[in-house]
Amino acid sequence: MLRDLFHLLRYVKPYWRPYLWGTLTLLIVDALDTFAPKIVMWAVDHLVFVTQGQGGQSVGKVVDSPLTSLLPEGWFGPESFMGGMWFYGLFFVVTVAVTGFFRYHMSMQYSHGAVNLTHDLRGRFFSHVQRLPAKYHDKSKIGELMTLATSDMNACREFFWVGVLIGIDTAFYFTMVPIYMGMISWKLLLASLCTLPLIPLIVWLLTSRVEKRYDELQKQYDLLAERARESYAGAKVIKSFAQEASEVRTFGKLAREYQRRALKLAALDSLEQPLLVLLLALADLAMVIYGGYLVISGELSVGQFSAFFMYLIKLSGPMVGMGWVVTLYQRANVSMKRIEEVLNTPADIVDAPRPANVSRLRGDIEARGLTFRFFDNGPAALSDVSLSVKAGRTLAIVGAVGSGKSTLLNLITRLYDPPPGALFIDGIDVREIPLEVLRTQIGVVPQETFLFSETILQNLGLGVHGAKPDPEWLKQCARLAQVEPDILAFPRQYETMLGEKGVNLSGGQKQRVAIARAVARRPAILLLDDCLSAVDTQTEEAILRGLKEVMKECTTLIVSHRVSTVEHADEIIVLGEGRVTERGTHEELLAKGGYYADLHKKQQLEAELSNA
């Protein structure tokens, strides 16, 4: 437990200034707070002294207040205003007010430290997730990552704020208060603290169980968040298949399991504080019985008894706080381990130790016996692929589903890392080209179009690197992609706000916006991954005519299942099971009578049947 605690507290080190000032003000707060019972002690004993002076019967002894020797004698006599009690009341109120002033600054310092710490930790987490390779995102769940960035981060913030504050406060109290109590009566101190050694035993017994149950609760929350995300994102599919009731049942089952685990955790959380308070109540009982005896026997004054009782009551706050601190620590410990599991995942695709000194790409692409596997012992997605595309030329890639077409494009952008010495751009191994140079000069239109919940114009300018994009240039790209008429049909035109993933656009419109977005960055290499599948043949021809001038200025790789899309390419390759099975121009491949020729015949027959 201590090792995990020290591991957590090392995150505080960079933010030592607010925590230091917060601790210093906390010392002042605790010093003033523990001084308040002294004032009560003097006030009670003074009251007993005054009443005895007026003929009252003596009970116990009387402790003189040091204030009586510092201030004029007439202020504290029986004839003075309220017998001098007004001064003790005023002194107590001033002490509480000054304590409140420092308490505010104490809380602010700790809150600044905790908020800044978790702000930077959340930013570091988000930044690291962005740098993680595509293979990590292929297997990770969005709901789990969202839980880590929100719920788990909040658990850490609560510990670094309230947990650390109360933890230090409790340590001070359990150090200072027993000293004050011992100065009053060491006998009464031993009697009243007889039950306190049981506290570590209770904390130890509950700690491991609470930590385990909170871990189970957070894992269930991951499933709940992921299911909710999938249901919201797939709302149209759910409605189309009339699965609303089924989704409600599934979500309800997950929610009930989360409820069950939450109640199990609450049962333990609720048990801890009553047990600690019970121990304190037993200490109160011992103090009242034995303390009353000491007062009657004349060893303690009534004021000392009152002050001692106040000190014991003041220990109840730290006692309850200790249970709260342990709970916050356990949750933060579980959450931080979950967060660190992601942070410790290496970002495999990074710049080479000595990257090539290149700032601009021409666009020559060459693969030399490229073989790639997604997993070390898995089947080869690409096997011994060799090709060469000169700058400004167009290569088309055709093949059956799963033949490795998209994988090849992803290797060029290093979404996945190719083996060393297998893939080159401008004669330089892509692994040695700085990632920023590589990816800012490649325009990609992926197979699955993703648009952000921004305006159409902002989506078009997403890939433009450097200065703010020229709106006129973005609109020109939209015209090249044949999407401007659709955009102008919206009431707000280019300022139309898109829904999640561009939900208010059709599939073809989203593809054309993605094409315009890729062209807008004036790339040296343009990768089109089956990006015309959702448009009709007339629109496809118009788009290709518009892109013809753009494609002359960059190297273009087109993946498509349509022969009409690739037939004008400078070279066409056919992939089969990760290997290049055919290579040549449109006419050469038709003459070979292989996969490409069969595909051409099928699509011609389909066109004739649709026109009949």
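Tutor: Ground rules before we start: two strands count as paired when DSSP finds at least two bridges between them. Helices (H or I, at least four residues) and strands (E, at least two) are DSSP runs, numbered from the N terminus. This is a predicted model, where local features need pLDDT of at least 70 and side-chain atom pairs count only at pLDDT 80 or more, while totals for chains, interfaces and linings use all residues. Residues are numbered from 1 along each chain as its sequence is written, and side-chain values use heavy atoms, with hydrogens and water left out.

Student: How many helices and strands does the chain have?

Tutor: Take the two kinds of DSSP run in turn. For this chain the tally is 22 helices and ten strands.

Student: What percentage of the residues count as buried?

Tutor: Buried means under 20% relative accessible area, exposed means over 50%, and partly exposed is in between (1.4 Å probe, protein chains only). Of the 612 residues in the chain, the buried share is 46%.

Student: What share of the exposed area do carbon and sulfur atoms supply?

Tutor: Accessible areas come from the Shrake-Rupley method with a 1.4 Å probe, and for residues only the protein chains shown count as cover. The chain exposes about 31400 Å², and the part from carbon and sulfur is 60%.

Student: Which strands sit at the edges of the six-stranded sheet?

Tutor: That sheet is open, with mixed pairing and the order E6-E7-E8-E3-E9-E10. An edge strand pairs on one side only, and that singles out E6 (442-445) and E10 (579-584).

Student: Which residue in E8 is the bridge partner of leucine 526?

Tutor: E7 (residues 525-529) and E8 (residues 555-559) run parallel and share five bridges. Look across from leucine 526 into E8 and you land on threonine 556.

Student: Which residue of E8 stands opposite threonine 394?

Tutor: E3 pairs with E8 in the parallel sense over four bridges. Threonine 394 faces a residue we have just met as the partner of leucine 526. In E8, the residue opposite threonine 394 is threonine 556.

Student: And on the E9 side, which residue stands opposite glycine 399?

Tutor: E3 and E9 (residues 571-576) are parallel too, joined by five bridges. Across from glycine 399 in E9 is leucine 575.

Student: How many residues of E3 are buried?

Tutor: In a regular strand, side chains alternate between the two faces of the sheet. In E3 (residues 394-399), Thr394, Ala396 and Val398 are buried on one side, and Leu395, Ile397 and Gly399 are buried on the other. With both faces covered, the count of buried residues is six of six.

Student: In the four-stranded sheet, which residue of E5 stands opposite isoleucine 425?

Tutor: This open sheet is antiparallel, in the order E2-E1-E4-E5, with E2 and E5 (428-429) at its edges. E4 (residues 423-425) meets E5 over two antiparallel bridges. The residue opposite isoleucine 425 is isoleucine 428.

Student: How are H18 and H19 oriented to each other: roughly parallel or roughly antiparallel?

Tutor: The axes are lines fitted to C-alpha atoms, for helices over the stretch in contact, with angles from 0 to 180 degrees between N-to-C directions. The axes of H18 (residues 507-520) and H19 (residues 537-552) come within 12 Å and cross at roughly 0 degrees. Angles under 35 degrees count as roughly parallel, over 145 as roughly antiparallel, 65 to 115 as roughly perpendicular, and the rest as oblique. H18 and H19 are therefore roughly parallel.

Student: Which residues of H19 make that contact?

Tutor: Contact means heavy atoms within 4.5 Å. H18 contributes Arg512, Ile515 and Val519, and from H19 come Thr539, Ile543, Leu547 and Val550.

Student: Is arginine 338 buried or exposed?

Tutor: Arginine 338 belongs to helix H12 (residues 316-343). Its relative accessibility is 9%, so arginine 338 counts as buried.

Student: What is the length of the polar contact between arginine 338 and aspartate 152?

Tutor: A polar contact is a pair of N or O atoms within 3.5 Å; within protein, one must be able to donate a hydrogen and the other to accept it, and residues adjacent in sequence count only if both atoms are side-chain atoms. Beyond four places in sequence, arginine 338 touches several residues, including Asp152, Asp215 and Asp222. The side chains of arginine 338 and aspartate 152 are joined at 3.0 Å.

Student: What is the phi of aspartate 384?

Tutor: Aspartate 384 lies in strand E2 (residues 380-389) and is partly exposed at 49% relative accessibility. Although aspartate 384 is not a glycine, its phi is positive, at about 50 degrees.
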